[in-house]
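Colleague: Please take a close look at the surroundings of the ligand in this model. What lines the site, and which contacts does the ligand make?

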Amino acid sequence: MKGIVFTEFLGFVAQRYGEDTVDDIIDASALPGGGAYTSVGTYDHGELVALCNALAQQTGQAIPTLVQAFGVYLSGSFAKGYPAFFARCGHFFDFLESIEEHIHKEVKKLYPDAELPSFTACERTPSRLVLDYRSPRQMGDLALGLIQGSAQHFGVQVRVQQQLRDSANGPVVRFVIDLTGDAPAHV
Ligand code: HEM
């Protein structure tokens, strides 16, 4: 997993819980590099899992809740760091459909060793997008937070339902994303 995810995660923890908590969870996780990450480096995904477990222990909050909140935070970092990915899409659903076909393809060019999930759009109406998420790392809660955070960036209100399904290629998280409130009428 790319270091940018780790540096952003520690930034999220510092902002929400303070620098002391960052130090505490690094100490508790017995990490090979002592918690030093560079954004272009590549690290074991298990280190992120260990840090999330330690944060859950430290804060008493459930891991899915923490990972989802991190996803919302990360969407803000992406919007600042990669504004062009957001600006090229007029509609929130176009943006979500572009993760697979455009955004993560560009990420892969930038970081050839990035391990990215796959997203398949299964259904689209003016007010609903059904998106299937697959990844050996099973970070569906991160995806949920990223979807919710990006919706804020597009100024739309959404209701997101998550359904866990099985497929021949392993587990799939199906996101049913409904625009609620004053959504743009065009698609
Ligand atoms: C501007 C937008 C985005 C950028 C620059 C970006 C970039 C990245 C990068 C660098 C990684 C780490 C890959 C690795 O560690 O090897 C990643 C992973 C991931 N991205 Fe994106 N991403 C963007 C938008 C999104 C959005 C909107 C979603 C929403 C569903 C998403 C879902 C994920 C997930 C769930 C992962 C974790 C890896 C996994 O599930 O296997 N990304 N992305």
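Modeller: Sorted by class, the shell around the ligand consists of 21 nonpolar, three polar and three charged residues. This is a predicted model, and every distance below is computed from it. Of the 27 residues around the ligand, the nearest are K2, H104, E115, Y133 and S135. Two of these also appear in the polar contacts, through the backbone: a backbone N or O atom of K2 is 2.7 Å from an oxygen atom of the ligand, and for E115 the corresponding distance from a backbone N or O atom to a ligand oxygen atom is 2.6 Å. With R137 the contact involves the side chain, one of its polar atoms lying 2.8 Å from an oxygen atom of the ligand.

As for the space itself, the ligand takes up the largest cavity. Four elements give two or more residues each to the shell around the ligand: helix 1 (3-17), helix 5 (83-87), helix 6 (92-110) and helix 7 (140-154).

The strands deserve a word too. Strand 1 covers residues 118-124 and strand 2 covers residues 128-134; the two pair in the antiparallel sense, with six bridges. Three residues form the hairpin connection from strand 1 to strand 2. One of the bridges couples S118 with R134 of strand 2. Strand 2, with its range of 128-134, includes Y133, which is among the residues that come nearest to the ligand.

Terms used:
Residues are numbered from 1 along each chain as its sequence is written. This is a predicted model: local features need pLDDT of at least 70, side-chain atom pairs count only at pLDDT 80 or more; totals for chains, interfaces and linings use all residues. Side-chain values use heavy atoms; hydrogens and water are left out. Two strands pair if DSSP finds at least two bridges between them. A residue is near a molecule or strand if one of its heavy atoms lies within 4 Å of it. A polar contact is a pair of N or O atoms within 3.5 Å; within protein, one must be able to donate a hydrogen and the other to accept it, and residues adjacent in sequence count only if both atoms are side-chain atoms. On a 1 Å grid over the protein atoms alone, a cavity is a set of points where a 1.4 Å probe fits but cannot get out, and a pocket is an open set with protein on both sides within 12 Å along at least five of seven lines; lining residues have an atom within 4 Å of a point. A molecule sits in a cavity or pocket if more than half of its atoms lie within 2 Å of its grid points. Ala, Val, Leu, Ile, Met, Phe, Trp, Tyr, Cys and Pro count as nonpolar, Asp, Glu, Lys and Arg as charged, and the others, Gly among them, as polar.
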